[in-house]
Amino acid sequence: MGSALADTTQVAGVKYENTVQSGNSTLVLNGAGVRYKAVFKVYTAGLYLTRKAGTTEAVLSAPGPKRMHIVMLREINASELGKLFTRGMEDNAPKDEFSKSVAGTLKMSEIFFRIKKLNTGDSFWVDWVPGVGTTIVVNGKPAADPIKEPEFFSALVKIWLGQSPADSLLKDALLGKPVAPPPNS
């Protein structure tokens with residue numbers, strides 16, 4: 001019976017399945033970690049790929065579907081989060097890539113604006129499936145039609161994995177590197 005533990009990875013009390021289905025593919029948990037803002041835990045994030053990748057380039061060039069899964073650790077204004085994500089995309093994506101992902105960025109902002117609030121325990125994931133596009137799923141329900149431009153998912157992932165990531169410890173965790181939790185200050 002002890003094998004059940006091996007099926008999930010726990011981050012700040014949130015369980016991430018070690019494998020998930022996306023489209024017809026099985027994705028593996030590449031890494032998971034916590035997003036800190038000052039000393040506060042804001043959310044956990046898990047990155048799923050068809051095979052493990054240890055660099056941003058390897059993640060972006062990995063074939064097949066990909067998933068970024070976020071679980072909230074505190075209540076947050078959803079449109080505020082949407083704005084932060086947009087800023088993170090702008091800060092990390094090259095101009096041409098960001099300009100190609102503007103339509104998707106607007107759609108994402110609209111989804112978060114509609115949700116109004118994300119509560120502790122709420123989750124959303126962003127799935128990229130080649131040939132389909134990027135689907136944003138909130139609390140298990142697709143929130144809109146897929147965003148077709150491949151640049152959108154790439155720019156989105158760079159919020160966490162880009163040159164100026166939202167949180168460098170989280171970047172390391174998502175890339176599967178061992179991360180020590182920040183000291184309690």
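Ala, Val, Leu, Ile, Met, Phe, Trp, Tyr, Cys and Pro count here as nonpolar, Asp, Glu, Lys and Arg as charged, and the others, Gly among them, as polar. By that scheme, the lining of the largest pocket divides into 10 nonpolar, 3 polar and 5 charged residues.

This is a predicted model: local features need pLDDT of at least 70, side-chain atom pairs count only at pLDDT 80 or more, and totals for chains, interfaces and linings use all residues. Residues are numbered from 1 along each chain as its sequence is written, and side-chain values use heavy atoms, with hydrogens and water left out.

## The largest pocket

A pocket is an open set of points on a 1 Å grid over the protein atoms alone, where a 1.4 Å probe fits, with protein on both sides within 12 Å along at least five of seven lines; lining residues have an atom within 4 Å of a point. The volume of the largest pocket is about 350 Å³, counted as the space filled by probe spheres set on the points, which are joined across faces, edges and corners. Its lining has 18 residues, and Arg35, Lys37, Tyr43, Leu84 and Ala166 lie nearest the centre. Strand 4 (25-37), strand 5 (40-49) and helix 2 (78-92) each give two or more residues to this lining. Helix 2 gives the largest share, 7 residues. Helices (H or I, at least four residues) and strands (E, at least two) are DSSP runs, numbered from the N terminus.

## Salt bridges

A salt bridge is a side-chain nitrogen of Lys or Arg within 4 Å of a carboxyl oxygen of Asp or Glu. The whole structure has 5. Three of them are among those tabulated here.

| Pair | Closest N and O atoms |
|---|---|
| Arg67 and Asp127 | 2.5 Å |
| Glu75 and Lys117 | 3.8 Å |
| Glu97 and Lys158 | 2.9 Å |Glu97 in helix 3 (residues 95-100) and Lys158 in helix 5 (residues 150-161) are 61 residues apart, so this pair links distant parts of the chain. Buried means under 20% relative accessible area, exposed over 50%, partly exposed in between (1.4 Å probe, protein chains only). Glu97 is buried at 12%, and Lys158 is buried at 12%. Arg67 is buried at 7%, and Asp127 is buried at 9%. Lys117, at 41%, is partly exposed.

## Lys66

Lys66 lies in strand 6 (residues 66-72). Lys66 is buried yet has no salt bridge; Glu97, the nearest side chain of opposite charge, is 11 Å away. Lys and Arg count as positive, Asp and Glu as negative; His and the chain ends are not counted. A polar atom of the Lys66 side chain lies 2.8 Å from the backbone oxygen of Ala62. The backbone oxygen of Leu60 lies 3.3 Å from a polar atom of that side chain.

Technical notes: Buried means under 20% relative accessible area, exposed over 50%, partly exposed in between (1.4 Å probe, protein chains only). A polar contact is a pair of N or O atoms within 3.5 Å; within protein, one must be able to donate a hydrogen and the other to accept it, and residues adjacent in sequence count only if both atoms are side-chain atoms.
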